Each structure stands twice: as C-alpha cells, then as structure tokens.
Amino acid sequence: MSSGSGLQSLSADELQELYYQVLNFGMIVSSALMIWKGLMVITGSESPIVVVLSGSMEPAFHRGDLLFLTNRVEDPIRVGEIVVFRIEGREIPIVHRVLKIHEKQNGHIKFLTKGDNNAVDDRGLYKQGQHWLEKKDVVGRARGFVPYIGIVTILMNDYPKFKYAVLFLLGLFVLVHRE
Amino acid sequence: MREPHDSAARPPRTPNRRGVRAARPPNPHSPGSACSCRRRRCLPTGPEGKNVEDFTGPRERSDLGFITFDITADLENIFDWNVKQLFLYLSAEYSTKNNALNQVVLWDKIVLRGDNPKLLLKDMKTKYFFFDDGNGLKGNRNVTLTLSWNVVPNAGILPLVTGSGHVSVPFPDTYEITKSY
C-alpha cells in the first residue's frame, strides 16, 4: 500500500509481522536474562551455574560437567565442601575441595583448597605470598551437578566458528518460527 | 609407639544415610562389642605434637600433630543406582586460643562404585600434615576426629554426610622432640 524504499516497501501486514518478530525475540532474551538474574538472587552467587574446565577434580567431575552453585551467607564454609573460587587478578574460577579451615570468633575465616586429582594443595596456585583463601574469593559452593552438558560452552569457546553457527541457527529459528 | 587405648575411645558408628532408617546403635561403652557388619569405626592412637616452622605455607612456628589410626567401614548401603563415587575424608575439629573453629582434613579416599565397599585400614598415617594455625594443639584435650563423605551422584545433588560417632583425641602437654612417625 505504501511506496518508497526500505521498510516503507513492506505492506502493513508484513510490517506488523516484523514488529511482532522483533518483540518476540526481545521477550525471549529478556526472559532468559530474568531467569539468570533470579538464579543469582536465590543462590546468592554471582555465577550460579559453572562449567568444569579442568580435570583436577576427577573422577568426580570431568571437563564439560555443569555445576550448580549456592553462596548463601548462612552456610558457613566447612571442610569437604566443593568450592568454586577466583584467585585475585585471575579471571577463570577454579573448582576444588576445602582441605583446612581456621575461623575466628568474629566469623572471619581463612581456608585452604586442593583438587581431588592433584597431589598437592593449591598454595602453588594462589597469588604470590598468599597462603589462604577468604570468603570474598568464593564464587559459590557446588550443590548439584549434571554431567557432559557444559561441553557445548567449551566447544563454543574453543571454536568460535561453532559459536557463530549456533547463534545463527538460533536467530534463524526464532525468525522463521511463526506462532 | 602406641599407647594402649581404652574401649571408651572407640564408639561404634551406625550408617547414617539419608532416607534409610538408621540401625539402632550398639552401646558405645560395651568393651569389645561384637562387630556388626554395618558400622564405621575409627581408632586413633597416641597423638603426639611438635612445634616446627610450617613448611607447607606461612613460615611461622606452628604445632604439628601426629596421629595414627585404624578405620573399619562398610559403605555398601550408601551406594545406590545414582551414586558414582564417594569421597571419604577424616577430619579433625578443634578450638584454640587463636581460632574459635579449626577443621583439618587428615586423610581422604575416593571410593568408586564397584570398588570393595568394605574398608579395613590399620596403622594409617595422616595423608596431610596436621599443622595448626598457631600453637593450639599442645595440651588440647578436645580434638575430635570425624569420618565424613561426599556423595557424588551420576547426576543431581551433592550431599555432604557426617558419620555418626566422633572420637576425641587428646594431645599431650609437651612436645615430642626425639621421635617422629
């Protein structure tokens, strides 16, 4: 019905269809973000789901396993727990087990970790001069896990072409799918 | 060198698995109680203490404890279709002037599904150095040893279970300077 170039060349129906698709897409993205933020609040962890990247916790966890974390303040850190922590200055979080804790009367706690599959504790991994980890270094405690699923994230990281292919397919699916 | 231990130092344990009704615990004070096949037992002997520079970490002089122990355990009823492995660990818990709560893992073991679920370990040395953060082991009468395990499922929740029954290990008032393990 309208003349001109670009968007104006679409009929009113097609334009409405396009707006609908864009809003639909926006709603999916917003819902995903809301779920993620909601998880962050419920678990108290900044990263409620993590993928295991190394073999230092084998045979319990292998590369690609997915871990579900909580980091509630009311749960004190105790030995035997599996913690995900970040070393100051490093980006990649590490998944290991708590070996030793020393907690003061005021609740301040310092602890040592070790990977099940490692021969020695993690002191060699910590920052220069750092002998203990503290609550602030903890991303969360592992409460549940699902094997294998996280391998998709690792593949997407290691092979960017794969990541683009997945995103492209997802986008295609959303646009093509008509309600 | 072992000191003779009295029967009060070996309370038998009952299986404490979630969802399963725990068996009635045998009387912990009956000396030499008959070995029922469903219990875990940890017998420590003659703890000794030294005071050395903590060579595993901060170079301050700290108390170093030496404990030898026996463990008898039957883990069969913990394994079900969804249990991939058990991470078993023996930890010491105590309180000192420096720290209100200290927990140190002394020994651990991974038991996979399919491994022999019956453990009969004797004269075990601690796998990890039992360093205190300070000098709180000397004369400490309230060091408690507990056997716990982390159940690793094929998929699902990762529970941490503490075995029932704790063994108290009193440390002597003096440091041992002549012998070690």
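How many bridges pair β4(A) with strand β5 (residues 109–114) of chain A, and in which sense do the two strands run? In this predicted model, β4(A) and β5(A) pair over 6 bridges in the antiparallel sense. A:Val98 has A:Thr113 as its bridge partner in β5(A). The two strands form a hairpin, with 5 residues between them. A:Gly107 lies in the turn and has a positive phi of about 95°.

β4(A), residues 94–103, has further partners. Within chain A, 4 bridges join β4(A) to strand β3 (residues 82–85). This pair also runs antiparallel. Here A:Val84 stands opposite A:Val95. β4(A) is mostly covered, with 10 of its 10 residues buried.

β4(A) also pairs with a strand of the other chain. β4(A) and β4(B) are antiparallel and share 4 bridges. Two residues of chain A illustrate the pairing. A:Lys100 has B:Val104 as its bridge partner. A:His102 is matched with B:Asn102.

The contact between the chains can also be described residue by residue. On the chain B side, 32 residues are in contact with chain A; on the chain A side, 29 residues take part. The size of an interface is often given as the accessible area lost when the parts come together. For chain B and chain A, the buried area is about 2500 Å². Carbon and sulfur atoms account for 57% of it. Three residues, B:Leu101, B:Gln103 and B:Leu158, supply 23% of the area that chain B buries against chain A. No other three residues supply more.

Polar interactions also cross the interface. In total, 17 residue pairs are in polar contact, both residues being at pLDDT 80 or more. The rule finds 1 salt bridge between the chains. B:Asp133 forms a salt bridge with A:Lys110. Their closest N and O atoms are 3.1 Å apart.

Several strands of chain B build the side that touches chain A. β3 (83–94), β4 (101–112), β7 (143–153) and β8 (156–157) of chain B each supply at least two residues. The largest share comes from β4(B), with 7 residues. By residue type, this side of chain B divides into 18 nonpolar, 11 polar and 3 charged residues. β4(B) thus appears twice in this account: as the antiparallel partner of β4(A), and as the source of the largest share of the chain B side.

Note on methods. Residues numbered from 1 in each chain as written. Chains lettered and ligands numbered in written order. Predicted model: local features only at pLDDT ≥ 70, side-chain atom pairs only at ≥ 80, totals over all residues. Heavy atoms only, no water. Contact = heavy atoms within 4.5 Å. Buried area = accessible area lost by both parts, 1.4 Å probe. Salt bridge = Lys/Arg side-chain N within 4 Å of Asp/Glu carboxyl O. Polar contact = N/O pair within 3.5 Å; in protein donor to acceptor, adjacent residues only side chain to side chain. Nonpolar A, V, L, I, M, F, W, Y, C, P; charged D, E, K, R; others polar. Pairing = 2+ DSSP bridges. Buried < 20%, exposed > 50% of the residue type's maximum accessible area, 1.4 Å probe, protein only.
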